[in-house]
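User: I've got a model open and I'd like to learn how to read it properly. Could you walk me through it feature by feature?

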Amino acid sequence: MPDATPATPTRTPTPAPTPTPTPTPEAAPAPGPAQQAALDERLRKAAWAADVDLARRLVARGADVNAKDATEQSAYLVATSEGRLELLRLALRNGALVDDKDSWNGTGLIRAAERGHADVVGELLRAGIDRDHVNRIGYQAIHEAVWLGADTPSYAATVRVLTAGGVELDRRSPSAGLTPLEMARERGFDQLERILTTVTTAERPADPDAALLAAARAGDADAVAVALRAGADTEARDEHDRTPLLLAATHDHVDVARVLVAMGADPDALDDRHDTPWLVTGVTGSVAMLEALLPAGPDLTIRNRFGGLSPIPASERGHVAYVRRVVDTEVDLDHVNDLGWTALLEAVILGDGGRDHQEVVRILLDAGVDPMIADHDGVTALQHAERRGFDEIAALLRGAR
C-alpha cells in the first residue's frame, strides 16, 4: 500500500551571496619633496605667528616639526625661544628632537632661558633635554638666563625652575669666566643673586617632601627650588592631603606656584575638603594665581564640595577682576551647584547688591549666561533681586530678558 504521508520535498539550499570585499583605503601618498618643503615652511610661519590651530592641521598633514630653514630655525626651536608652550607641547607629541641645536649650537633650553620663559624651561627639563649643554659662545642655559636676562619676576622664576631641575650651578662660562652667581653679582641683579646664593649655600633638607610643603605654605619660592633640587615630590601631601601647589594657591603664593607648575605639579589634586588648586582661586579671587595655573591645563569641570565650579564662589564674594578673567576660559558659567544655584544666582542671593556684585552680574550677563535659570524653588535671579531690593541688579536682569 502506498504511504499516505506525502514525501517532504527536498530543497537545495540557496548559497549565501559572496560578500563584496570592502576596498581597503589606500594610504595617502607621502608628499613629494616640494610639497614637504612647502608644508614645513608653512609650519614654521605658523610657529612664528603663534597660530597653534594651523600648526596642528599642518602637522596632521605631515609637516615636520624638526624641519629647519636656512637659518637653522624649526617650528620646535621657534616654540622654545618664543615661549609658545602649547606649540611646544604639540611639537613634543609629534617627534620633536628635544636636544636639537640652532645656528649657535644652542638647545631649546638655552633659547627659552635667555628669554625668561619659565614654563617652557620646565616643560623641556621634564622632557629630558640636556640641562647643561654649552653653546658655541660658551653659555649654558643658566648662564644665559642671568647674563643675558634681567632682574625681573619672569627671570627669577626661570632661574628657580632651572635650579629646581638640577642644572649645574658652579661651572664658569668659558667665555665670561664667571659662575651664574658671579654673573648675577656682576650685573647688579639683586634678586637673582639672592636666589642663586640661597640654592648654592643651602644644606640638603633631611626630608625634601616636608621641606617642600613647609616652603610652599610659607611662600618661600627659593626654598621650594632647593627642596625640588633635593628630590622632593611635587605631589607630596600634608595631613589634609594638600599638595604644595594647593598650599600655594590657598595662600596666594604666586611665585611658588609658578615654579611648581613649571615642574609639572597637578592643578587638579584634591584634598580632604574636595578643593583643588584651581577651585581655590574662585574663593581667593586671585587673578595672578589663575594665570599661574592655566599653563598646567586645569580641569575646569571638577566640582568643589558644594558641587560648584570656580566662578560660583567668586561671584558670591564679588571678585570682579576674577570673574572678568574667568569668563574668558572654557568653564561652564551656567553650571548649577548642589544648592541649585548658578554663579549669577549666587551673586544675587549671597551678594550685598553693591557695586562689586552689580559688576559681577553685568560681566556674567555680557558673557552670555542664562538669566532665566531658576533655583530649586523656581525663583529666578531677577525675582531674588526684586525681593531683596537690589534695584540696580534687577534693572540689569530685566534688560537681559
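User: Which residues have the most contacts inside the largest nonpolar core?

Analyst: Two housekeeping notes before that. This is a predicted model, so local features need pLDDT of at least 70 and side-chain atom pairs count only at pLDDT 80 or more, while totals for chains, interfaces and linings use all residues. Residues are numbered from 1 along each chain as its sequence is written, and side-chain values use heavy atoms, leaving out hydrogens and water.

Now the idea: a nonpolar core is a set of buried Ala, Val, Leu, Ile, Met, Phe, Trp, Tyr and Cys residues joined through side-chain atoms within 4.5 Å. Buried means under 20% relative accessible area, exposed means over 50%, and partly exposed is in between (1.4 Å probe, protein chains only). Here the largest core has 118 residues, and Tyr76, Leu124, Leu162, Leu196 and Leu397 have the most contacts inside it. Helix H14 gives the most to this core, with seven residues.

User: What does leucine 397 touch?

Analyst: Contact means heavy atoms within 4.5 Å. Not counting residues up to four places away in sequence, Leu397 touches Leu344, Val348, Val361, Leu365, Pro371, Ala381, Leu382 and Ala385.

User: Leu196 was on that list too. How do I read a helix like H10, and which of its residues are buried?

Analyst: Helices here are DSSP runs (H or I, at least four residues; strands are E, at least two), numbered from the N terminus. An α-helix has 3.6 residues a turn, so residues three or four places apart point the same way. In H10, the buried ones are Leu192, Ile195, Leu196 and Val199. They sit on the same side of H10 because they cover an arc of only 90 degrees around the axis, taken from the directions from the helix axis to the C-beta atoms. The face turned away from that buried side carries the exposed residues Asp190 and Thr201.

User: What do the buried residues of H10 pack against?

Analyst: They pack against four helices: H7 (141–147), H8 (153–164), H9 (180–187) and H12 (221–229). You can check the length of H10 as well. The expected span is 1.5 Å times one less than the number of residues, so the 12 residues of H10 (190–201) should span 16 Å, and the end C-alpha atoms are indeed 16 Å apart.

User: What about loops? Where is threonine 179, and is it buried or exposed?

Analyst: Thr179 lies in the loop between H8 and H9. At a relative accessible area of 10%, Thr179 counts as buried. Its contacts, not counting residues up to four places away in sequence, are Leu169, Asp170, Arg171 and Arg172.

User: Which backbone angles should I look at?

Analyst: Look for a positive phi in a residue other than glycine. Asparagine 105 has one near 60 degrees, in the loop between H4 (85–93) and H5 (108–115). Histidine 274 has one of about 65 degrees, in the loop between H14 (254–262) and H15 (277–284). Asn105 is partly exposed at 33% relative accessibility, and His274 is partly exposed at 35%.

User: How far apart are tryptophan 48 and glutamate 82, in sequence and in space?

Analyst: They are 34 residues apart in sequence and 7.8 Å apart in space, C-alpha to C-alpha. Trp48 is in helix H1 (residues 33–48) and is partly exposed at 40%. Among the residues Trp48 touches are Glu82 and Arg84.
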